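Open the model in a viewer and keep the sequence panel beside it. The stops below can be selected one after another.

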Amino acid sequence: MMKRLFVATAATSCAALVSPQAHALESGVSPYPVGASGTSIATMPPIPGLFLRQQFSYSEANGLYDNNGHKLGVPFRSSSFAATSRLVAAYPATWLGANVYSQVVLPAVTLHTDIAGSSGRDHGLSNITLSPVILQWSLSPRLTAIAGMDLSLANGSYSASNPSVAVGYTSLQPVLAARYNVPNGPDVGAITRLMLNRTNSDTGYRSGDGVVVDFSAGWNFGQWKAGLVGGYLSQYEDDRSHGALVKDNRARLFKVGPSIDYNAGPLNININYQHGLYAANTSKSHSLWVNFSFPLWAKPPGPRATP
């Protein structure tokens with residue numbers, strides 16, 4: 001019942017200190033790491049309690065790409081390790097016919113960069129994400145849908161002058177997700193996230209708004225599931241630097257790769273690898289994810305109260 005907790009958010013993937021004209025989104029970093037949802041799309045704990053989804057990820061990138069998706073001649077390498085704790089509270093009530101949840105996401109990241117022979121390192125807390133209300137509807141025994149609002153805060157180990165594990169601005173992120181899951185059959189899901197970004201007060205730079213679509217598709221074999229996961233980022237609004245438009249600089253990124261799950265009752269384990277297939281105005285990263293989901297405390301199953 002505790003399979004994969006929720007709607008994923010926040011933990012920074014990789015960062016690079018380059019001019020805005022070389023990277024869309026400030027420093028080329030998205031406030032949401034593409035593909036972080038893995039196989040947890042539109043799945044929440046079915047009973048009240050407090051739940052943890054612990055994620056570990058390692059990412060590497062070895063190039064920057066221009067507006068047409070061509071690799072630039074600037075020598076660039078980066079690697080990052082993230083340990084992200086996602087705490088989900090499931091409440092004993094329903095609202096608008098949906099089960100109600102809240103979450104907080106706490107990502108700790110270590111980052112190494114090498115740009116044209118100049119190396120840098122940063123480690124610390126990345127941007128904390130809060131989700132005050134997440135609603136999940138069970139539309140049928142096999143189909144679920146989720147709506148929520150994530151707030152990625154301008155906090156953490158941010159530096160305006162060095163490669164950083166955090167971004168220096170707040171991002172408001174409305175989220176919609178759906179999943180169709182059949183025991184011993186297909187399991188497919190997708191989550192769409194808008195990134196409505198605020199201006200970085202330290203630099204006067206505003207990263208343009210964008211959309212991220214994470215997806216998963218697999219087949220259940222008893223307690224096991226095998227399939228594919230990935231994500232796509234498309235920045236649909238231009239950046240601005242001190243109010244001036246930065247043209248032809250919108251980030252795009254596509255990643256996909258194999259995934260395997262094991263559902264051991266209260267504990268669920270997922271391992272997936274996502275290969276960067278396309279990048280424009282950002283770096284093309286490759287990531288390995290190891291995810292664990294389990295209850296910290298759960299109320300025995302029973303009818304939920306309706307306010």
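Select Tyr 205 and Ser 241: in this predicted model, Ser 241 of E13 is the bridge partner of Tyr 205. Now widen the selection to strand E10, residues 205-206, and strand E13, residues 239-241; the two are antiparallel and paired over 2 bridges.

Next, add the neighbours of this pair. The open sheet here has 4 strands, ordered E9-E10-E13-E14, with antiparallel pairing. Its edge strands are E9 (199-200) and E14 (244-246), each of which pairs on one side only.

Move on to strand E3, residues 98-115, and strand E4, residues 118-125. These strands run antiparallel and are joined by 8 bridges. One residue pair to pick out is Thr 113 with Gly 120, its bridge partner in E4. E3 and E4 make a hairpin, with 2 residues between the strands. Click on Ala 116 in the turn, where phi is positive, at about 50°.

The last stop is empty space. The structure contains 3 cavities of 30 Å³ or more, and the second largest has a volume of about 50 Å³. To find this second largest cavity, select its lining residues, among them Thr 39, Asp 187, Ser 216, Lys 225, Leu 228 and Asp 261.

Which strand gives the largest share of this lining? That is E12, with 5 residues. Colour strands E11 (210-221), E12 (224-235) and E15 (252-264), since each supplies at least two lining residues. By residue class, the lining of the second largest cavity holds 4 nonpolar, 5 polar and 3 charged residues.

How values were computed:
Residues numbered from 1 in each chain as written. Predicted model: local features only at pLDDT ≥ 70, side-chain atom pairs only at ≥ 80, totals over all residues. Heavy atoms only, no water. Pairing = 2+ DSSP bridges. 1 Å grid on protein atoms, 1.4 Å probe; cavity = no way out; pocket = protein on both sides within 12 Å on 5 of 7 lines; lining within 4 Å. Points joined across faces, edges and corners; volume = space filled by probe spheres on them. Nonpolar A, V, L, I, M, F, W, Y, C, P; charged D, E, K, R; others polar.
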